[in-house]
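Here is a short tour of one helix and some salt bridges. Have the sequence and the 3D view at hand as you read.

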Amino acid sequence: MKKYLLLIVAITFTCSLYAIEKKVETPNVIIIYADDLGFGDVGAYGSTVLKTPNMNRIANQGIRFTNGYATSATCTPSRYSLLTGHYPWRNQGAQVLPGDAPLIISTTETTLPKMMQNAGYTTGVVGKWHLGMGDGRTDWNQKVSPGASEVGFDYSYIMAATNDRVPNVFVKNGQVEGLEKSDPLEVSYRKNFEGEPTGKNNPELLKVMYSQGHDMSINNGVSRIGFQKGGKSAQWVDEEMADRFLVEAKQFIHRNADHPFFLLYALHQPHVPRIPHPRFAGTTGLGARGDVIAEADWSIGELLKTLKKKGLMENTIIIFSSDNGPVLDDGYMDAAAEKIGGHTPWGPFRGGKYSLYEAGTRVPFMVMWKGKIVPQESEALISQVDIMASLAALTNQSIPKSDSKNMLDVMLGENSHGRNSLVMEGLRHKVALRKGDWVFIPAYKGGKKPGWGVDVETGFSLKEQLFNIKNDPKQKTNLASKYPNKVEEMKKRLAQEQIEP
Ligand code: NG6
Ligand code: CA
């Protein structure tokens, strides 16, 4: 009898231990994702000229990664990886998209937001989308589908592509907001609609002049990429965009404060056109680019205040990063280069947006979970593609095999060993490998400059390039001919990574 009693006690004990171990935490998760914000744009990453007190707050109260990467040096591919856990070069369609492009994520794919839904979360996305929506023959006056909802977001308030691409409207749960039946919205990337002004023909209507491209339809005194007609009541006012997205993000938090939520707050700053609210214009002395970063920082501060007010600070993980590196002139004469002064958006690195050199993909990457993450800096190698598997581990979900690696303990600062290697992407799906302190860029044709006037290096060279990124962050000395064995090793590894996750 005693024996049985002991056995029962033992079983109960093991079961309860198991229960403790299996206890799944479901803190809210907010990803704040900036657009074209550089490593060196953030105070916590060394910016002294430009002040970012609220981004710094996240960094200083959480873990600040110094080796954190976007998967690509442009927007759509990086966002694709964040939401799918796949490297972007595995999908030919994951390239900078026009505003009328169809959705590039399969509706049957297990995505980050779908995984969070499975874990019991209410999911939302506010801000920049740029993953395509509709089937490619979109009538913007009807419900646009498939889109964010089919990718796994219960709520979406987004712009289709970028703030420099038509249509210049917000799409709320698949419906263009504020449309009037009498003035339907039409969009084309092939030709203008008869009688409609363009930046090219009517520069007198512009408040900011374009420098490259961006000479098509005009809205709010800014000419864009692509043509649009009608839908006047729905067209956005750039100066109000930050406030609009902030209100939406705050309302999402308010509505979902009493159960687990996942929010992707995809900021539009500092992507072009850089048009801050008058509250921020001229406040940084760095021109429009600095001012819209100040505006983004303020928005983050307001979001943090909302969490605090709702008592959600200890129960929310905040991840902050950027989709790609910085660029100065990206198509408008907004004096970003002329007013840069001593500010270095690319930090200590070479290149920028569009580049296979370091500043293309090395971005601010920080994670805060008040009371859980011990404030620290981490040198662990980590990629945004890892967020999906890490959050799957957090919420006890299983996901299909992908490029996403479970870095939960690294993200929470409990382990300083990140990835051994990662693949980064430049223009046109060209890739490079980071492994340990080394970066290897294969020989590529394509020219040193992107070719449409931006002052950034592609990173392409007809010669193979090998750098020790720790000793030489500016990638000044190509060590390929000095270390042929290292080149061979890196080449092999890159080929392996390309074959399978
Ligand atoms: C480029 C645009 C640039 C920007 C970029 C996408 C021109 C000359 N340049 O083609 O302004 O919109 O696409 O940026 O049109 S991203 O951050 O969304 O990838
Ligand atoms: Ca971007």
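The expected span of a helix is 1.5 Å times one less than its number of residues. Keep in mind that this is a predicted model.

Let's try that rule on helix α7, residues 287-309. With 23 residues at 1.5 Å a residue, α7 should span 33 Å, and its end C-alpha atoms are indeed 33 Å apart, so the two agree. Helix α7 is also mostly covered, with 19 of its 23 residues buried. After α7 comes G311, which has a positive phi, near 70°.

Now to the charged side chains. The count of salt bridges comes to 29. Three of them are set out here.

| Acidic residue | Basic residue | N to O distance |
|---|---|---|
| D36 | K353 | 2.8 Å |
| E377 | R64 | 2.6 Å |
| D403 | R90 | 2.8 Å |

Start with D36 and K353, which meet in a salt bridge. D36 sits in the loop between β1 (28-34) and α2 (53-60), while K353 sits in the loop between β12 (316-322) and β13 (365-368), so this pair ties together parts 317 residues apart in sequence. D36 is buried at 1% relative accessible area, and K353 is buried too, at 5%.

E377 and R64 form another salt bridge. Their pairing links strand β14 (residues 376-383) with strand β2 (residues 63-69), 313 residues apart. Here E377 is partly exposed, at 43% relative accessibility, whereas R64 is buried at 17%.

In the pair of D403 and R90, D403 is buried at 4% and R90 is partly exposed at 31%. Elsewhere, salt bridges with shared partners join D35, R79, K128 and D323 into one network.

Conventions
Residues are numbered from 1 along each chain as its sequence is written. Chains are lettered from A and ligands numbered from 1 in the order in which they are written. This is a predicted model: local features need pLDDT of at least 70, side-chain atom pairs count only at pLDDT 80 or more; totals for chains, interfaces and linings use all residues. Side-chain values use heavy atoms; hydrogens and water are left out. Helices (H or I, at least four residues) and strands (E, at least two) are DSSP runs, numbered from the N terminus. Buried means under 20% relative accessible area, exposed over 50%, partly exposed in between (1.4 Å probe, protein chains only). A salt bridge is a side-chain nitrogen of Lys or Arg within 4 Å of a carboxyl oxygen of Asp or Glu.
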